[in-house]
Structures are given as C-alpha cells and as structure tokens.
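Here is a set of questions and answers on a predicted model. Look it over, then work through them in order.

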Amino acid sequence: MANSEAIEKLKAVMEESGKSVEDIFNEMDTDGDGLVNGPELFKGVKKLIGQTLSPDQISMMIMAIDTNEDNRIGLPELQKALS
Ligand SMILES: [Ca+2]
Ligand SMILES: [Ca+2]
C-alpha cells in the first residue's frame with residue numbers, strides 16, 4: 001500500500017466516522033506530547049484503518065506529511081494532509 005493510499009484511507013475513516021482531524025490526531029498521539037512519532041503513526045494507522053505498514057512505509061508517510069522536518073507529525077501538518 002502506498003502512503004497516499006494510507007492518507008486517503010485515513011480521510012475516508014475520518015469522514016465515515018464523523019471524526020475531526022483533531023480526534024484522529026489525539027487518537028494517534030498516545031503519549032499526549034502534541035506530536036505523532038513513527039511508532040504512534042504505526043499503531044494509529046493499524047488501529048484506524050486496519051493496515052500494518054512497514055517501517056519504510058511509515059517513514060515515507062511521515063516525510064510526506066511532515067513539513068517542518070522534525071520527523072514528527074504535528075496537528076497542523078495532519079490537518080493539511082487530510083484536508
Ligand atoms: Ca506523541
Ligand atoms: Ca513536523
């Protein structure tokens with residue numbers, strides 16, 4: 001599965017469940033530090049869309065979403081990716 005597909009699926013899950021980007025973000029940010037890191041994204045994608053991504057796919061997805069290059073996904077970055 002390509003990253004863009006994972007992002008599209010997240011969007012679909014969000015729309016179908018009536019969740020906001022913020023809800024999705026908070027579900028992924030399990031340690032509550034306001035950023036989603038690799039392991040959190042891996043678990044979040046697995047939980048939300050039922051897909052197990054490889055570490056490479058997770059890195060690529062972070063690179064695609066991460067605009068300030070801190071290797072973490074912030075809420076504004078996820079909002080941009082899912083809008
Ligand atoms: Ca976190
Ligand atoms: Ca970032």
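Q: Where is the place of Asn71?
A: This is a predicted model, so the answer rests on computed coordinates. With 12 C-beta neighbours inside 10 Å, Asn71 counts as exposed, because 12 or fewer is the cut-off. Its place is in the loop between H4 and S2.

Q: What is the phi of Asn71?
A: Most residues other than glycine have a negative phi. Asn71 is not a glycine, yet its phi is positive. The value is about 70 degrees.

Q: Is Glu69 buried or exposed?
A: Glu69 is found in the loop between helix H4 (55-65) and strand S2 (73-74). Its phi is positive, near 55 degrees, in a residue other than glycine. Glu69 has 7 C-beta neighbours inside 10 Å, so it counts as exposed.

Q: Which helix supplies the largest share of the largest nonpolar core?
A: This core has eleven residues, including Ala6, Ile24, Val45 and Leu78. Helix H1 (3-17), helix H2 (21-28) and helix H3 (38-49) each supply at least two of its residues. The largest share is three residues, and it comes from H2.

Q: Which residues is Val45 in contact with, leaving aside its neighbours within four places in sequence?
A: Val45 is a member of the largest nonpolar core. It is also buried in H3. Its contacts beyond four places in sequence are Ala6, Gln51 and Leu53.

Q: How far apart are the end C-alpha atoms of H3?
A: H3 has twelve residues. At 1.5 Å a residue, they should span 16 Å. The model agrees with this, because the end C-alpha atoms are apart by 16 Å.

Q: Within what arc do the buried residues of H3 fall, seen down its axis?
A: Glu40, Leu41 and Val45 are buried in H3. On the other side of the helix, Pro39, Lys46 and Lys47 are exposed. The buried residues line one face of the helix, because they fall within an arc of 130 degrees.

Q: What do the buried residues of H3 pack against?
A: The buried residues of H3 are Glu40, Leu41 and Val45. They pack against both helices and strands. The partners are H1, H2, strand S1 (35-36), H4 and S2.

Q: Which residue just after H3 takes a positive phi?
A: The phi in question is about 70 degrees. The residue that takes it, just after H3, is Gly50.

Q: How are H3 and H4 placed relative to each other, and at what angle do they pack?
A: Two packed helices are described by the angle between their axes and the distance between the axes. The axes of H3 and H4 are 10 Å apart. The two helices are roughly perpendicular, because their angle is about 105 degrees.

Q: Which residues of H4 make the contact with H3?
A: H3 and H4 pack with their axes 10 Å apart. From H3, the contact is made by Gly38, Leu41 and Phe42. From H4, it is made by Ile58, Ser59, Met61 and Ile62.

Q: What separates the C-alpha atoms of Gly74 and Val36?
A: Gly74 lies in strand S2. It is partly exposed, with 18 other C-beta atoms within 10 Å. Gly74 and Val36 are 38 residues apart along the chain, and their C-alpha atoms are separated by 6.5 Å.

Q: How far apart in space are Ser20 and Thr30, C-alpha to C-alpha?
A: Ser20 is found in the loop between H1 and H2. It is exposed, with 12 other C-beta atoms within 10 Å. Ser20 and Thr30 are ten residues apart in sequence, and their C-alpha distance is 17 Å.

Definitions and conventions
Residues are numbered from 1 along each chain as its sequence is written. Chains are lettered from A and ligands numbered from 1 in the order in which they are written. This is a predicted model: local features need pLDDT of at least 70, side-chain atom pairs count only at pLDDT 80 or more; totals for chains, interfaces and linings use all residues. Helices (H or I, at least four residues) and strands (E, at least two) are DSSP runs, numbered from the N terminus. A residue is buried if 20 or more other C-beta atoms lie within 10 Å of its own, exposed if 12 or fewer, and partly exposed in between; C-beta atoms are placed from the backbone. A nonpolar core is a set of buried Ala, Val, Leu, Ile, Met, Phe, Trp, Tyr and Cys residues joined through C-beta atoms within 7 Å. Two residues are in contact if their C-beta atoms, placed from the backbone, lie within 7 Å. The expected span of a helix is 1.5 Å times one less than its number of residues. The arc is that of the directions from the helix axis to the C-beta atoms. Axes are lines fitted to C-alpha atoms, for helices over the stretch in contact, and angles run from 0 to 180 degrees between N-to-C directions. Angles under 35 degrees count as roughly parallel, over 145 as roughly antiparallel, 65 to 115 as roughly perpendicular and the rest as oblique.
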